[in-house]
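Me: Could you walk me through a structure with a few questions and answers? I would like the reasoning as well as the values.

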Amino acid sequence: MIVGVYLWDRYHEKIRAWWGDMLSGRDYVDEFGGEDEAAYDDYLDDEDVPPAQGAGHSAWNSAAAPTARPIRPKMVAPAVVQLSVVAAEEGFFSGSELMDAFHYVGLRYGDMGIFHLYDDSNAIHFSVASIVEPGTFPVNNMTDFRCPGVVLFFQVDQVAEPLETFDRLVSCCHELAIRLNGVEWDADREPLTTGSIAALRNALA
């Protein structure tokens, strides 16, 4: 039991350190503005197509064959998976609309002053924090709170099923964006696309 408590504290220290490093020195509000066009990238490599069989096959000239597209290397799974939902047009989410949206998707306020999605055994699937320092929510005074966005994240080596957790996180991110009328970002703060989701999912598989 003592070992379990120690490991739990160490995990929280790592998350706090990571969260502090991620937010340190960043002014998210000032960087709101231009909307990048969401390009749906193709992360699936085309298979080489052999020459057609049948009439004319003997005349096929290998020298004239198209050069095969280079195979794109598989994305390396990140230590921490994160997606964000931000307010459009440099706006803000109010505390009351955040609380309504969090409640709808099953998030509960908990450790570290942020919200979490828990499983049936009360273990954390992933967490949701404010996108600005210190990342916490004043849960007892949310009517006066506002922030330009929220970040959803989990540490890959701390969940039993990273792929399942990722799917839950993506689903929650989509639902929050709909209910808050927000914009979804990937970890690079670019518009979230089906391509970036597929690449992350492939890396975690």
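What follows is a short round of questions and answers on this predicted model.

Me: Happy to start with confidence: what is the mean pLDDT of the chain?

Reply: Good place to begin, as this is a predicted model. Of the residues in the chain, 64% reach a pLDDT of 70 or more. Residues 1-12 have pLDDT below 50, and this stretch makes three contacts beyond near neighbours in sequence. Residues 24-66 also have pLDDT below 50, with 43 contacts beyond near neighbours in sequence. For the chain, the mean pLDDT is 76.

Me: Thanks! How many disulfides does the structure hold?

Reply: Let's look at the cysteines. The sulfur of Cys 172 has its closest cysteine sulfur in Cys 173, and at 7.5 Å that is too far for a bond, because a disulfide needs the two sulfur atoms within 2.5 Å. Cys 173 is likewise in no disulfide. The number of disulfides in the structure is zero.

Me: Are Cys 172 and Cys 173 buried or exposed?

Reply: The cut-off for buried is under 20% relative accessible area. Cys 172 has 7%, and Cys 173 has 0%. That makes Cys 172 buried, and Cys 173 is also buried.

Me: Now the charged side chains. Which residue forms a salt bridge with Arg 168?

Reply: A search of the whole structure finds two salt bridges, and Arg 168 takes part in one of them. Its partner sits four residues away in helix α3, so about one helical turn separates the pair. Arg 168 is partly exposed at 37% relative accessible area, and the partner is partly exposed at 41%. With an N to O distance of 3.4 Å, that partner is Glu 164.

Me: And how far apart in sequence are the parts that Asp 167 and Arg 201 tie together?

Reply: Asp 167 and Arg 201 form a salt bridge, with their closest N and O atoms 2.8 Å apart. Asp 167 belongs to helix α3 and Arg 201 to helix α4, so this pair ties together parts of the chain that are 34 residues apart in sequence. Both ends are partly exposed: Asp 167 has 32% relative accessibility and Arg 201 has 35%. The separation asked for is 34 residues.

Me: Lastly, what covers the buried residues of α4?

Reply: Helix α4 spans residues 194-204, and its buried residues include Gly 195, Ile 197, Leu 200 and Leu 204. Ser 196, Ala 199 and Ala 203 are buried there too. Among the elements covering them are β1 (80-87) and α3 (162-180).

Note on methods
Residues are numbered from 1 along each chain as its sequence is written. This is a predicted model: local features need pLDDT of at least 70, side-chain atom pairs count only at pLDDT 80 or more; totals for chains, interfaces and linings use all residues. Side-chain values use heavy atoms; hydrogens and water are left out. pLDDT is the predictor's confidence in each residue, from 0 to 100. Contact means heavy atoms within 4.5 Å. Buried means under 20% relative accessible area, exposed over 50%, partly exposed in between (1.4 Å probe, protein chains only). Helices (H or I, at least four residues) and strands (E, at least two) are DSSP runs, numbered from the N terminus. A salt bridge is a side-chain nitrogen of Lys or Arg within 4 Å of a carboxyl oxygen of Asp or Glu.
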